[in-house]
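Welcome, and let's take a walk through this protein together. We will begin with its open spaces, then turn to its cores and a few single residues.

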Amino acid sequence: MRLDKFLSVTAVASRKESARAVRAGEVTINGTPARRADEPIDPENDRVVFRGVSVRYKAFDYLLLNKPEGYVSATEDGKSPTVLALLPERFAARGVFPCGRLDKNTTGLMLLTNNGELSHRLLAPRRHVPKRYRFTVKFPLSAADLAAIEAGLTLDDGYRTKPAAIELSDERNGVITLVEGKYHQIKRMMETLHNQITALERVSFGPLTLPADLPRGAWRELKDDEIAALFAAAEMDKQ
Ligand code: URA
């Protein structure tokens with residue numbers, strides 16, 4: 001594989017950036033400065049160091065984004081910006097997509113990956129991977145409302161929701177945990193109770209929690225222990 005392709009598929013640098021770094025002597029192959037950006041390398045065995053950091057060959061990317069309002073959870077949309085617009089372009093080129101959906105005005109934790117099998121398994125209804133959402137509603141929630149949410153309630157289309165845990169911090173704010181993900185589920189649950197969501201933020205997805213130090217709109221790669229926990233939640237062996 002060409003060195004610049006290797007650096008772009010490992011999401012380290014675009015081809016242009018790679019060429020610049022090679023010219024500046026910032027890339028080494030097995031300890032020797034690379035001469036050309038199109039130099040062939042063996043991705044499995046050669047040791048490539050880019051600006052002092054050793055580059056590992058990665059088959060897949062795993063990113064955690066703190067989604068802001070106004071972005072749609074898709075790879076393409078005719079009208080609105082997608083969450084991919086918040087990432088460097090190289091990730092779209094590597095086929096990264098959002099694992100599951102958040103509404104355009106929902107904020108918080110979003111996993112993005114190009115590992116289709118992992119995503120599929122994490123979203124499979126039978127796996128019941130829990131998702132926690134911090135919410136605000138327009139009107140106070142009563143004890144009867146909480147009991148209905150905990151027992152499961154019937155949405156406008158006749159779907160009966162699975163029991164969901166709910167904890168309030170005051171009568172209009174709290175955290176709800178879903179083990180499923182129907183379209184606009186929390187908004188529709190609150191509408192069933194003649195209430196209305198005014199703010200919704202996802203704070204966890206399976207074993208992942210929204211890092212307190214990750215600003216809205218920012219992203220980072222998952223750490224090895226987070227990736228391992230996701231594979232465990234998906235009941236998958238990590239290759
Ligand atoms: N429930 C909703 O209503 N919206 C979301 O984005 C997620 C859960």
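The second largest pocket holds about 450 Å³ of space. Lining this pocket are 18 residues, and those closest to its centre are Arg56, Lys58, Phe60, Ile227 and Lys238. A pocket here is found on a 1 Å grid over the protein atoms alone, as an open set of points where a 1.4 Å probe fits, with protein on both sides within 12 Å along at least five of seven lines; a lining residue has an atom within 4 Å of a point. Volume is the space filled by probe spheres set on the points, and grid points are joined across faces, edges and corners.

Before going further, please note that this is a predicted model, in which local features need pLDDT of at least 70 and side-chain atom pairs count only at pLDDT 80 or more, while totals for chains, interfaces and linings use all residues. Residues are numbered from 1 along each chain as its sequence is written, and side-chain values use heavy atoms, with hydrogens and water left out.

Helix α7 (residues 224-233) gives the largest share of the lining of the second largest pocket, with 3 residues. Helices (H or I, at least four residues) and strands (E, at least two) are DSSP runs, numbered from the N terminus. Both domain 1 (3-55) and domain 2 (62-125 + 208-233) contribute at least three residues to the lining of this second pocket.

The largest pocket offers about 630 Å³ of space. It has 34 lining residues, and Arg101, Tyr133, Gly181, Lys182 and Tyr183 are the closest to its centre. At least two lining residues come from each of α4 (116-123), β8 (131-137), α6 (185-192) and β11 (197-205). Domain 2 (62-125 + 208-233) and domain 3 (130-205) each provide at least three residues of the lining of the largest pocket.

Here is the make-up of both linings. Ala, Val, Leu, Ile, Met, Phe, Trp, Tyr, Cys and Pro count as nonpolar, Asp, Glu, Lys and Arg as charged, and the others, Gly among them, as polar.

| Pocket | Nonpolar | Polar | Charged |
|---|---|---|---|
| Largest pocket | 17 residues | 7 residues | 10 residues |
| Second largest pocket | 10 residues | 2 residues | 6 residues |

Now for the chain as a whole. The domain assignment, which is automatic or from a database, gives domain 1 (3-55), domain 2 (62-125 + 208-233) and domain 3 (130-205). The centres of domain 1 and domain 3, taken over C-alpha atoms, are 49 Å apart. The C-alpha trace spans about 70 × 35 × 30 Å along its principal axes, and the secondary structure comes to 7 helices and 13 strands. Of the 239 residues, 47% count as buried (buried means under 20% relative accessible area, exposed over 50%, partly exposed in between, with a 1.4 Å probe and protein chains only).

What lies inside? The largest nonpolar core has 29 residues, and Leu112, Phe135, Ile149, Ile176, Met189 and Met190 touch the most other members. Such a core is a set of buried Ala, Val, Leu, Ile, Met, Phe, Trp, Tyr and Cys residues joined through side-chain atoms within 4.5 Å. This core draws at least three residues from each of domain 2 (62-125 + 208-233) and domain 3 (130-205). Apart from it lies another core of 18 residues, including Leu109, Leu210, Phe231 and Ala234.

Two neighbours deserve a visit. Leucine 102 sits in the loop between β6 (97-98) and β7 and is buried, at 6% relative accessible area. Leaving out residues up to four places away in sequence, leucine 102 touches Lys67, Ser73, Thr107, Gly108, Leu109, Met110, Tyr133 and Arg202, where contact means heavy atoms within 4.5 Å. Aspartate 103 is in the loop between β6 and β7 and counts as buried at 17% relative accessibility. Beyond its neighbours within four places in sequence, aspartate 103 is in contact with Lys67, Tyr71, His184 and Lys187.

Finally, some backbone angles. Most residues other than glycine have a negative phi. Asparagine 30 has a positive phi, near 50°, and is partly exposed with a relative accessible area of 44%. Histidine 194 has a positive phi near 60°, lies in the loop between α6 and β11 and is exposed, at 71%.
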